[in-house]
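Colleague: I am new to this structure and would like a close look at a single part of it, followed outward until I can see how that part sits in the whole. Could you take me through it step by step?

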Amino acid sequence: MQIQTPDWVKNAVFYQIFPDRFAISKQSRKRLLRDVRWEDWDAMPTLQGYKGGDLWGIMEQLDYIQDLGIDAIYFTPIFQSASNHRYHTHDYYQVDPMLGGNAAFKELLDAAHERNIKVVLDGVFNHSSRGFFFFHDVLENGPHSPWVNWFKIEGWPLAPYTGELPANYVGWADNRALPVFNHDNPDVREYIMEIAEYWLKFGIDGWRLDVPFEIKTPGFWQEFRDRVKAINPEAYIVGEVWGDSREWLDGTQFDGVMNYLFAGPTIAFTAGDRVVLEQVQSRDYQPYPPLFAAEYATKIQEVLQLYPWEIQLTQLNLLASHDTARLMTIAGGDQASIELATLLLLTFPGAPSIYYGDEVGLPGGIDPDSRRGFPLEANWDREIYQTHRQLIALRHAYPALRTGEYQVIWAQGALYVFARTLGKEELIIAVNVGTAPAQANVDVASLQTQPDKILYGEAEFSWHNTEETKQLSLNLPPRSGCILGLGD
């Protein structure tokens, strides 16, 4: 079977936005809630507090997003919900009125598309919430409700709010707030398919799927893909799967997954023993123990060999998300770790995803601290911001950094060197994670050209050629990286 994935994703740089925390609209007249005391924007986030970010606020920041070089936005859930993160869906057909409702989303979607920025929504289709109308009907009417078979009811009465009695229904991760759908019920299956179709017709460019591995009904995701692609063959389907995802990346289900298998080793290599262990033990992507270059090369080769190349190019690569601590905090505040990891992210096959605020050095521990309000410009780390802008611009300028072959050419000690090649376009990327300068004489006989210009970073280099060999002598300062390409 020939695997087909969306071409635009292969060339995109994503920006993940948690809508309650990115921007509050300056046009208060548009807000449903005007006289409300939001949680202080700069205070430590709480599990239940709202900070008041909305879709109009995001629209007002599209210049910033576009200037950064972003061409796709992935929103965590925006549908009506009684939680600040909105993974507890009340109504799959209504954008949360606190965010501006469907009208604000349509306005934002059109404004993004005018700038050639794609929009991907988060679909929480494994479970709903206690406030979901169909489940609420079951709470009101018990076994008489017409919606009983939409959920996994185990007995009566249901106890949705007290831990003193058995829940008598299945909640995701034993959470009573999240009743799990009965996906074996054809009506449930059809309902979810129609939600996916509705928002694609509304104009979105794809779906990020929350915990899709929990849905085990045979053929469910195959049908989901068929129906999504029937409306928009270029729609992106990306699953939240943290580990080996070959089960879902066979070309009949998802186009990619959130690539934590890239994130873990990359942080372990660049941050090393700076990693703050208590900030990563809550999740299984394990950016520790520290890796040397040879170990990192092995991990990366394993990741690249897991899936077909067409799938590799539409993986959603990341260093942090709303489900992890932020890279700044994981790395103990070390700026070089962030810049080196970002260099590896922006030069890796697949679509890089930047979690809002990471590009300006926003810190944050594990949830809910990783969901802070986007900082005022006065509080940005300008060097990290410029690193992101420069690397994103280079990725857009050089197709080899997006879809070119990835070839490791040196991996010893603290020095990792690889090439990205696409036709006659060849670039060399080198990273020294050590605290001392790194030197190497790298055999690059496989390259057709001799990259002779530093496109990014600092390094000393020279070429030494004989009839038998082509050798690059490289000297890289401590805790630094570079990109070499052909001069004009």
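Modeller: In what follows, contact means that heavy atoms lie within 4.5 Å of each other. Please keep in mind that this is a predicted model. With that meaning of contact, 25 residues of domain 1 are in contact with 25 residues of domain 2, and the centres of domain 1 and domain 2, taken over C-alpha atoms, are separated by 31 Å. The domain assignment places domain 1 at 7-126 + 181-397 and domain 2 at 404-485.

The part I would look at closely is the barrel, which is closed and consists of eight strands in the order S1-S2-S5-S6-S7-S8-S9-S10, paired in parallel. From one of these strands to the next, the twist averages 25 degrees. A good place to enter is strand S1, residues 14-17, which is joined to S2 by four bridges and runs parallel to S2. Within this pair, Gln-16 has Tyr-74 of S2 as its bridge partner. As a general point, strands of a sheet pair through backbone hydrogen bonds, in either a parallel or an antiparallel manner.

Two residues help to show what surrounds Gln-16. One is Thr-76, which is placed in the loop between strand S2 (72-75) and strand S3 (79-81). Because its relative accessibility is 0%, Thr-76 counts as buried. If we set aside neighbours within four places in sequence, the residues in contact with Thr-76 are Gln-16, Ile-17, Phe-18, Pro-19, Tyr-87, Asp-122 and His-322. The other is Ser-353, found in strand S10, which spans residues 351-355. Ser-353 has a relative accessible area of 4%, and since buried means under 20%, this residue too is buried. Not counting residues up to four places away in sequence, Ser-353 touches Phe-14, Gln-16, Leu-316, Asn-317, Leu-318, Leu-319 and Leu-345. Gln-16 is thus named among the contacts of Thr-76 and also among those of Ser-353.

Moving outward from the strands, helix H8 lies across strand S8 (256-259) and strand S9 (316-318), and runs at about 25 degrees to S8. This helix, residues 260-270, also meets helix H9, residues 293-306: their axes come within 10 Å and cross at roughly 170 degrees. Angles over 145 degrees count as roughly antiparallel, and H8 and H9 are therefore described in that way. From H8, the contact is made by Leu-261, Phe-262, Pro-265, Thr-266 and Phe-269, while H9 brings Ala-293, Tyr-296, Lys-299, Ile-300, Val-303 and Leu-306. Sorted by character, the residues of this contact are nine nonpolar, one polar and one charged.

The loops call for some attention to backbone geometry, and here it helps to recall that most residues other than glycine have a negative phi, and that most peptide bonds are trans. Val-211 lies in the loop between strand S6 (206-209) and helix H7 (220-231); its phi is near 35 degrees, a positive value in a residue other than glycine. With a relative accessible area of 3%, Val-211 is buried. Further along, the peptide bond between Asp-367 and Pro-368 is cis, with omega about 10 degrees, and Pro-368 belongs to the loop between S10 and helix H13 (382-397).

A further loop, between helix H5 (133-141) and helix H6 (186-202), contains Pro-157, and the peptide bond leading from Trp-156 to Pro-157 is cis, with omega near -5 degrees. Asp-174 is placed in the loop between H5 and H6 as well, with a positive phi near 60 degrees although it is not a glycine. Asp-174 is exposed, its relative accessible area being 76%.

Finally, we can turn to another sheet, an open one of three strands in the order S14-S17-S16, with antiparallel pairing. Its edge strands are S14 (438-443) and S16 (460-465), each of which pairs on one side only, and the twist from one strand to the next averages 15 degrees. S14 and strand S17, residues 470-476, run antiparallel and are joined by six bridges; Ala-440, for instance, has Leu-474 in S17 as its bridge partner. To relate this region to the barrel, one can take Ser-353 and Gln-439, which stand 86 residues apart along the chain and whose C-alpha atoms are separated by 32 Å.

Methods
Residues are numbered from 1 along each chain as its sequence is written. This is a predicted model: local features need pLDDT of at least 70, side-chain atom pairs count only at pLDDT 80 or more; totals for chains, interfaces and linings use all residues. Side-chain values use heavy atoms; hydrogens and water are left out. Axes are lines fitted to C-alpha atoms, for helices over the stretch in contact, and angles run from 0 to 180 degrees between N-to-C directions. Angles under 35 degrees count as roughly parallel, over 145 as roughly antiparallel, 65 to 115 as roughly perpendicular and the rest as oblique. Ala, Val, Leu, Ile, Met, Phe, Trp, Tyr, Cys and Pro count as nonpolar, Asp, Glu, Lys and Arg as charged, and the others, Gly among them, as polar. Buried means under 20% relative accessible area, exposed over 50%, partly exposed in between (1.4 Å probe, protein chains only). Two strands pair if DSSP finds at least two bridges between them. Domain bounds come from an automatic or database domain assignment.
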